[in-house]
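Open the model in your viewer and keep the selection box handy. This tour goes stop by stop, with what to pick and what to look for.

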Amino acid sequence: MRYAAIDVGSNAVRLLIAEIIENNGSISFKKNTLIRVPVRLGDDAFLQKNISEKKTTDLIKSMQAFRNLMDVYKVTDYMACATSAMREALNGQEVADKIMTEAGINLQIVHGETEAKIIYASHAEVNIDKSKNYLYIDVGGGSTELSLFSNGELLASQSFNLGTIRILDNQDKDETWNEMKDFIREHTKGLKNIFGIGTGGNINKLFKLSQEKDGTALSYIKLRALYNYLDSFSLKDRINVLGLNQDRADVIIPACEIYLTVLKCANIKSIYVPTVGMVDGIIQTLIEKNYTTVR
């Protein structure tokens with residue numbers, strides 16, 4: 001059995017096709033195919049408050065390709081979610097309706113809080129000591145989702161209109177930064193030894209660049225050093241010398257700034273990077289919907 005997850009983000013759109021594995025009553029999944037297309041809807045949504053005709057066409061073509069792949073792979077269930085850019089675009093629902101008509105994909109525009117729930121449904125903490133305190137940090141193109149856990153229980157969760165594309169387009173606001181810092185201070189007060197859990201494409205790439213071993217945490221000090229190193233290169237050299245993809249080379253700097261701000265504000269000294277994201281959370285959400293026994 002195969003499930004598919006589609007994440008229509010502000011920087012890129014992703015399709016994950018996963019094999020569902022049943023073993024002695026426990027259900028898990030194995031990634032089969034992951035495709036990422038850098039459509040970058042955020043540039044339109046945050047600056048013009050509208051998805052342009054060109055971006056709409058690119059998005060529909062991507063969704064048609066995803067639909068064809070899902071058919072070829074004989075996917076039995078799927079879920080497609082659009083986040084910050086489509087939430088903010090005045091014609092977001094109109095674009096979603098066109099996708100349904102032209103690609104046969106039911107694209108749901110989800111609220112920030114729903115996005116946060118889907119992200120932590122990825123069970124990123126599965127191999128981590130649940131008796132400790134963790135702050136989930138997911139940085140996207142248009143928003144940052146924070147979820148605080150203590151002893152395996154969710155204490156607080158919030159989405160902030162602060163993302164990499166938004167910062168690059170100078171659409172981030174001081175009050176949003178302050179709102180996020182206030183949320184962190186308020187909810188981490190009295191909690192000691194908080195660990196970070198970072199999800200999303202940018203922190204995955206940063207972890208890879210850090211050359212830390214899988215399963216180990218990335219320290220705040222090493223992340224800051226990595227940020228200073230990357231920032232010392234021009235955008236062109238981050239692409240040509242460091243070999244970063246063009247659509248990663250610019251967003252990785254503001255992503256670093258958000259992660260460092262959150263870690264410092266919460267007094268977090270290290271962050272685990274389980275290399276999962278929204279699409280993993282969507283697959284897990286589908287499993288929880290279709291099975292009573294979940295891993």
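Which residue in strand 7 is the bridge partner of Val 139? Select Val 139 and Thr 144: Thr 144 is the partner. Keep in mind throughout that this is a predicted model.

**Stop 1: strand 6 and its neighbours**

Extend the selection to strand 6 (133–139) and strand 7 (144–150). The two strands pair in the antiparallel sense, over seven bridges. Together they make a hairpin, with four residues between them.

Now add strand 9, residues 194–199. Strand 9 runs parallel to strand 6, and six bridges join the two. For a marker, pick Leu 135 in strand 6. Opposite Leu 135 stands Gly 196 of strand 9.

Show the side chains of strand 6. Asn 133, Leu 135, Ile 137 and Val 139 point one way. Tyr 134, Tyr 136 and Asp 138 point the other way. Are these residues buried or exposed? All are buried, on both sides. Strand 6 is largely enclosed by the rest of the structure, because seven of its seven residues are buried.

**Stop 2: aromatic rings**

Stay on strand 6 and select Tyr 134, then Phe 195 in strand 9. A pair of aromatic rings is described by the distance of the centres and the angle of the planes. For Tyr 134 and Phe 195, the centres are 6.0 Å apart and the planes are at 40°, a tilted pair. The two residues are 61 residues apart, so the pair links distant parts of the chain. Tyr 134 is buried, at 5% relative accessibility.

Next, select Tyr 229 and Phe 233. Their ring centres are 5.0 Å apart and their planes are at 75°, so this pair is edge-to-face. Tyr 229 has a relative accessible area of 43%, which makes this residue partly exposed.

Go back to Tyr 134 and add Tyr 272. Tyr 134, Phe 195 and Tyr 272 form one aromatic cluster. Across the model, the count comes to five aromatic pairs.

**Stop 3: charges over rings**

Select Arg 166 and Phe 46. Arg 166 lies over the face of Phe 46, at 4.1 Å from the ring centre. Then select Arg 67 and Tyr 78. Here the charged end of Arg 67 sits over the Tyr 78 ring, 5.5 Å from its centre.

**Stop 4: the cavity**

How many cavities of 30 Å³ or more does a search of the whole structure find? The search finds one. The space in this cavity is about 30 Å³. Select its lining: Ala 116, Ile 119, Tyr 120, Tyr 136, Ile 137, Asp 138, Glu 145, Leu 146, Ser 147 and Thr 199. Helix 5 (112–120), strand 6 and strand 7 each give two or more residues to this lining. Colour the lining by class and you get six nonpolar, two polar and two charged residues.

**Stop 5: the largest pocket**

Move to the largest pocket, with a volume of about 740 Å³. Its lining has 37 residues. Start with those closest to the centre: Arg 14, Arg 36, Gly 200, Gly 201 and Arg 248. Then show strand 3 (26–37), helix 5, strand 6, helix 8 (201–210) and helix 13 (278–290), the elements that give two or more residues to the lining. Which element gives the largest share? Helix 8 does, with five residues. By class, the pocket lining divides into nine nonpolar, 18 polar and ten charged residues.

**Stop 6: strand 1**

Select strand 1, residues 2–8. Six of its seven residues are buried, so strand 1 is largely enclosed by the rest of the structure. Add strand 2, residues 13–23. Strands 1 and 2 pair in the antiparallel sense over seven bridges. They form a hairpin with four residues between them. Pick Arg 2 and you will find Glu 19 of strand 2 opposite.

Now add strand 4, residues 77–82. Strand 4 runs parallel to strand 1, joined by six bridges. Ile 6 stands opposite Ala 80 of strand 4.

**Last stop: Lys 181**

Select Lys 181 in helix 7, residues 174–188. Lys 181 is partly exposed, at 25% relative accessibility. Draw a distance from its C-alpha atom to that of His 111. The two atoms are separated by 21 Å, and the residues are 70 apart along the chain.

Notes:
Residues are numbered from 1 along each chain as its sequence is written. This is a predicted model: local features need pLDDT of at least 70, side-chain atom pairs count only at pLDDT 80 or more; totals for chains, interfaces and linings use all residues. Side-chain values use heavy atoms; hydrogens and water are left out. On a 1 Å grid over the protein atoms alone, a cavity is a set of points where a 1.4 Å probe fits but cannot get out, and a pocket is an open set with protein on both sides within 12 Å along at least five of seven lines; lining residues have an atom within 4 Å of a point. Grid points are joined across faces, edges and corners, and a volume is the space filled by probe spheres set on the points. Ala, Val, Leu, Ile, Met, Phe, Trp, Tyr, Cys and Pro count as nonpolar, Asp, Glu, Lys and Arg as charged, and the others, Gly among them, as polar. Buried means under 20% relative accessible area, exposed over 50%, partly exposed in between (1.4 Å probe, protein chains only). Two strands pair if DSSP finds at least two bridges between them. Rings of Phe, Tyr and Trp (its six-membered ring) pair if their centres lie within 6.5 Å; planes under 30 degrees apart count as stacked, over 60 as edge-to-face and the rest as tilted. A charge sits over a ring if NZ of Lys or CZ of Arg is within 6 Å of the ring centre and within 35 degrees of the ring normal.
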